[in-house]
Amino acid sequence: MRTSSWASMFRSPFVVIITLVTLWFVATFLVFPNANLLIRTFFPEGQFSFRAVEKLVSSERAMNSLWHSFALAATLAVTVNVVGIFIVLVTDYFKIRGARMLWLGYATTLIYGGIVLAAGYNFIYGRYGFVTNAVRNWFPEIDPNWFSGYFAVVVVMTLATTTNHMLFLGSSLAKIDYQTIEAARNMGASTMGILWRIVLPALRPMIFAVTVLTFLTGLGALTAPLVLGGTDFQTIAPMILTFSKSTGSRDLAALLAVILGLATIVLLAMMNRVEKSGVYFSVAKVATPLQKQRIPNPVANAAVHVAAYALFVVYATPVLLIVLFSFVHSSAIVTGSISWDSFTLDNYATVFGTPAVLRPFVVSVVYSALASVIVVGGMLFVSRLLQKHRNPLTATLEYLLHIPWILPTILIALALVMTFDRPNPMVGGQVLTGTTSLLLIAYVIVKIPFTLRLLKAAFASVPESLEDAARILGAGSMFTLRTVLVPLVLPTAAAITALNFNSLLDDYDAAVFLYHPLYQPLGVAIKASTEGENNLDSMSITFVYTVLLMVIMGFTMYLVYGRGGSSTKRHTRRARTVAAK
Amino acid sequence: MIRFENVEVSFGEKIAIPDLTLEIEQGEFFTLLGPSGCGKTTALRTLAGFIEPSQGEIYIDGKVATRLPSEKRSVGMVFQNYALFPSMSVWENIAFGLRVRKTRRAETALLVDEIAAQVELTEEQLAKNVSELSGGQQQRVAIARALVLKPRILLLDEPLSNLDAKLRVQLREQLKNLQRELGITTVYVTHDQEEALTMSDRIAVFNHGVVEQVGTPEEIYNRSGTEFVCTFVGAMNKLSGDVVHQLRQRGGTGLAPAKTSYLRLEKVSLQAPPGNTDAIRLDGVVAGRSYHGSHSTYTIDSHGSSIRALVPEGGGSALEPGSAAQLYIDPSSILQY
């Protein structure tokens with residue numbers, strides 16, 4: 001039997017060391033900080049207290065932020081679905097001319113998001129944005145703050161969040177058995193009838209899953225409300241950031257973070273329940289690949305084409321403008337008047353020629369690369385341990401390692417700040433808050449669940465007989481791991497490293513709580529450039545940063561999704577599915 | 001050579017093999033035959049050392065091997081899906097076990113070349129990645145990898161099941177020839193009766209973790225020890241009580257009326273068999289005919305039974321459905337349980 005007993009688990013000193021290190025890491029960085037956050041919120045002086053709750057209820061700003069967050073999440077659940085489903089249908093389901101180009105336009109949010117995207121929109125449509133200034137040159141009476149508040153946040157987040165639909169709903173659509181569509185047509189169903197009665201119901205579980213993800217994204221939104229929300233539309237996450245800056249209101253920040261965490265747990269539990277209720281893409285043993293559908297009504301066909309291209313313009317314009325503006329002086333953007341003379345390579349020369357300007361970029365690259373390699377390297381051993389030795393200890397460890405999946409990043413970051421701001425015996429009596437290591441630890445923590453789940457799946461997908469074959473030929477566990485198993489999971493590990501690196505590169509949520517003042521990461525630097533009139537000079541630099549990020553992320557996405565053998569594609573396809581959870 | 005003694009294998013509450021006692025002789029081609037889930041692969045994996053029995057002992061060469069690690073049992077195994085290491089070349093796959101044993105490079109090369117020649121793998125194929133080979137070639141690599149360490153026992157877990165029918169027949173013969181050449185004790189698992197009958201020296205028929213019968217292919221086929229073996233191995237006619245009654249009235253007095261009676265298809269004749277005076281004639285009506293090329297199968301309705309009969313091509317003019325037919329049955333060929 002493959003399921004090893006306790007004895008076989010502790011027979012190998014290597015396994016013992018891995019187990020002990022994992023236990024220490026889980027206890028120190030996953031369990032203790034979050035427990036500490038709860039204790040300091042509800043037991044401030046060693047006794048249970050509702051003081052934080054009372055402060056929350058009496059704070060109008062805090063209560064407003066709660067209401068705004070839920071309103072934003074509910075709005076996004078509708079708008080993102082409308083836009084996202086439309087995108088998937090025009091790129092993957094209907095025969096639309098230039099669908100490939102449309103897909104590339106809609107996919108631009110894959111290579112820039114978070115603080116970069118919010119800053120980009122702000123620099124184009126915001127108070128000092130090019131479009132706003134250009135229009136105000138002709139119509140001075142227009143409110144310069146027109147792109148601000150609830151409306152701006154919803155627009156930007158709607159466009160940014162449809163990536164989930166493109167990745168996950170798109171892949172679910174591809175799994176629908178085309179013969180079910182042919183059967184429906186054979187029985188006289190119309191194109192719309194088939195879409196409504198056959199296709200969309202089959203996609204319902206995935207639509208529900210991406211809706212929950214969208215709702216969660218809206219609930220925990222930090223960068224878009226912070227940059228574009230203005231004073232009137234602030235949500236929970238920016239409030240947590242504000243309250244955490246003062247020791248007097250940290251309990252309020254912690255309580256808001258706990259509320260966010262609870263909402264996340266409830267919604268993920270709901271999602272799991274729906275997921276377990278079953279998916280029904282195809283019951284066929286050999287499913288026929290989906291073929292694109294023609295829209296028979298010429299008027300409807302034309303209308304869908306127009307809408308698809310209009311949306312393409314909405315998606316592609318900011319990217320084109322960002323690239324364009326990265327070659328233009330800030331002054332020309334601010335005045336809204338650009339001529340041929342405005343174009344220059346000075347911004348790039350400044351970024352690459354001034355160490356202080358390049359520094360945030362380098363800091364982020366180093367942090368992201370280190371964290372990605374550490375988490376994948378560590379989880380390679382941990383996932384193997386969990387997959388090979390199934391017992392109550394490993395089962396508990398596995399659950400605990402998923403904590404970062406159910407807690408928002410800002411809660412994790414806040415818990416780390418509050419826990420390691422004093423000497424802690426679990427880390428050798430060190431104070432970690434304010435050091436460069438805490439952000440690295442946070443990055444490793446937030447990437448654990450995604451990495452673990454995919455690596456475990458990769459190990460599980462290796463046929464058991466390969467290990468048996470190695471064993472019967474006399475190979476020990478380490479030899480088998482090194483020569484047989486690791487080469488097989490290496491493509492997945494490389495893909496996960498690349499995806500982790502990408503997602504950490506422009507992080508703001510963890511960085512804003514944990515960065516070292518001398519090593520400011522990119523996300524924090526970009527956010528600073530959006531803060532008022534005094535920082536307008538850095539606008540062009542931010543455009544250069546954004547272009548560089550888009551190039552790196554685009555290249556990484558190409559490496560992961562765009563090329564390589566079937567095995568890499570297979571593994572990354574699994575990555576897409578698991579990432580949805 | 002190999003002995004299972006009161007072996008019990010359980011997975012938690014579920015007992016897969018309740019009490020297995022079995023002996024396999026030196027140099028024998030021994031097949032574990034049975035339907036899916038009958039425990040044959042479990043028995044093989046227990047012998048390989050992948051599963052530890054909850055009770056009983058396994059002896060190899062007279063020594064207790066029950067708790068011996070698989071790599072110390074001197075067994076080579078070919079897996080159902082071949083279990084070739086996809087990240088290695090054919091050569092590296094075959095040499096894997098030698099590498100584990102830290103065999104010198106020159107000796108490794110010699111041994112790999114030797115076994116590759118035996119299983120008819122070319123030098124060009126040895127350099128390829130295993131994914132570049134056909135199913136039949138992959139199977140040879142798996143056999144070579146198992147044999148290169150010169151094990152005393154070769155275990156084969158449905159190694160032909162992933163191949164097409166024609167190749168299966170061809171490899172069946174090659175495998176049997178190789179086994180005979182090497183004289184290696186071979187334990188073969190299959191659910192394919194034809195494979196078992198054509199390749200084996202002896203067969204153990206498994207059902208629900210229990211061995212129903214052990215015997216030569218002829219014994220298993222012609223003198224099936226249990227009703228399960230009789231119905232699982234080869235095609236059978238189940239005779240109604242009325243047919244048995246008719247046969248008893250016409251001379252088949254040895255038949256027990258209360259027992260269930262079976263008759264192999266090839267034991268039913270549609271013409272009076274020359275020289276067999278014991279054959280009893282029954283009248284019937286042709287219900288259908290299916291053509292198989294080398295022979296036809298007729299279904300004849302007679303006395304409440306649908307009795308099928310094999311007629312070789314050229315064995316008389318074709319009978320049309322609905323026409324009258326005579327069946328000739330020798331009562332001594334009827335199996336009763």
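How many residues does the contact take from chain A, and how many from chain B? Keep that in mind while you load things up, and remember that this is a predicted model.

**Stop 1: where the chains meet**

Select the contact between the two chains: 15 residues come from chain A and 19 residues from chain B. On the chain A side, colour helix H24 (464-472) and helix H25 (477-505), the elements that give two or more residues to the surface touching chain B. H24(A) supplies the largest share, six residues. Now colour that side of chain A by residue class, and you should get 11 nonpolar, two polar and two charged residues.

**Stop 2: helix H4 and helix H9 in chain A**

Stay in chain A and pick helix H4 (residues 60-93) together with helix H9 (residues 149-161), whose axes are 9 Å apart and meet at an angle of about 50°. That angle makes H4(A) oblique to H9(A), and the crossing of the pair is right-handed. Show side chains for the residues that meet here. From H4(A) you want Leu72(A), Thr75(A), Leu76(A), Thr79(A), Val80(A) and Val83(A). Facing them in H9(A) are Val153(A), Val154(A), Met157(A), Thr158(A) and Thr161(A). By class, this contact has seven nonpolar and four polar residues, with no charged ones.

**Stop 3: the other partner, H12**

Keep H4(A) selected and swap H9(A) for helix H12 (residues 191-219) of chain A. H4(A) and H12(A) pack at about 140°, with 8 Å between their axes. H4(A) is oblique to H12(A) as well, since angles count as roughly antiparallel over 145 degrees. The crossing is right-handed here too. On the H4(A) side, the contact includes Ser69(A), Leu72(A), Ala73(A), Leu76(A) and Val80(A). Leu72(A), Leu76(A) and Val80(A) also belong to the H4(A) residues that meet H9(A), so highlight those three. Further along H4(A), Asn81(A), Gly84(A) and Tyr93(A) join in. From H12(A), the residues in contact include Val199(A), Ile207(A), Val210(A), Phe215(A) and Leu219(A). The class tally for H4(A) with H12(A) is 11 nonpolar, seven polar and no charged residues.

**Stop 4: chain B, zoomed out**

Hide chain A and turn on the cartoon for chain B, which has 10 helices and 18 strands. Its C-alpha trace spans about 75 × 45 × 35 Å along the principal axes. Of the 337 residues in chain B, 40% count as buried. Among its contacts between residues at least 6 apart in sequence, 66% join residues at least 24 apart.

Next, colour by domain: the assignment gives domain 1 (2-232) and domain 2 (236-336) in chain B. Their C-alpha centres lie 39 Å apart. Which residues should you look for between them? Four from domain 1 of chain B are in contact with four from domain 2 of chain B. The domain 1 side divides into one nonpolar, two polar and one charged residue.

**Stop 5: two loops with positive phi**

Finish with a couple of backbone oddities. Centre on Asp61(B), in the loop between strand S4 (55-60) and strand S5 (63-64) of chain B. Its phi is near 55°, a positive value in a residue other than glycine. Is Asp61(B) buried, exposed or partly exposed? With 14 C-beta neighbours inside 10 Å, Asp61(B) counts as partly exposed.

Then jump to His303(B), in the loop between strand S15 (295-302) and strand S16 (305-312) of chain B. His303(B) is not a glycine either, and its phi is positive at about 50°. His303(B) is partly exposed, with 18 other C-beta atoms within 10 Å.

Methods:
Residues are numbered from 1 along each chain as its sequence is written. Chains are lettered from A and ligands numbered from 1 in the order in which they are written. This is a predicted model: local features need pLDDT of at least 70, side-chain atom pairs count only at pLDDT 80 or more; totals for chains, interfaces and linings use all residues. Two residues are in contact if their C-beta atoms, placed from the backbone, lie within 7 Å. Helices (H or I, at least four residues) and strands (E, at least two) are DSSP runs, numbered from the N terminus. Ala, Val, Leu, Ile, Met, Phe, Trp, Tyr, Cys and Pro count as nonpolar, Asp, Glu, Lys and Arg as charged, and the others, Gly among them, as polar. A residue is buried if 20 or more other C-beta atoms lie within 10 Å of its own, exposed if 12 or fewer, and partly exposed in between; C-beta atoms are placed from the backbone. Domain bounds come from an automatic or database domain assignment. Axes are lines fitted to C-alpha atoms, for helices over the stretch in contact, and angles run from 0 to 180 degrees between N-to-C directions. Angles under 35 degrees count as roughly parallel, over 145 as roughly antiparallel, 65 to 115 as roughly perpendicular and the rest as oblique. A crossing is left-handed if the near helix is turned anticlockwise from the far one by less than a right angle, and right-handed if clockwise.
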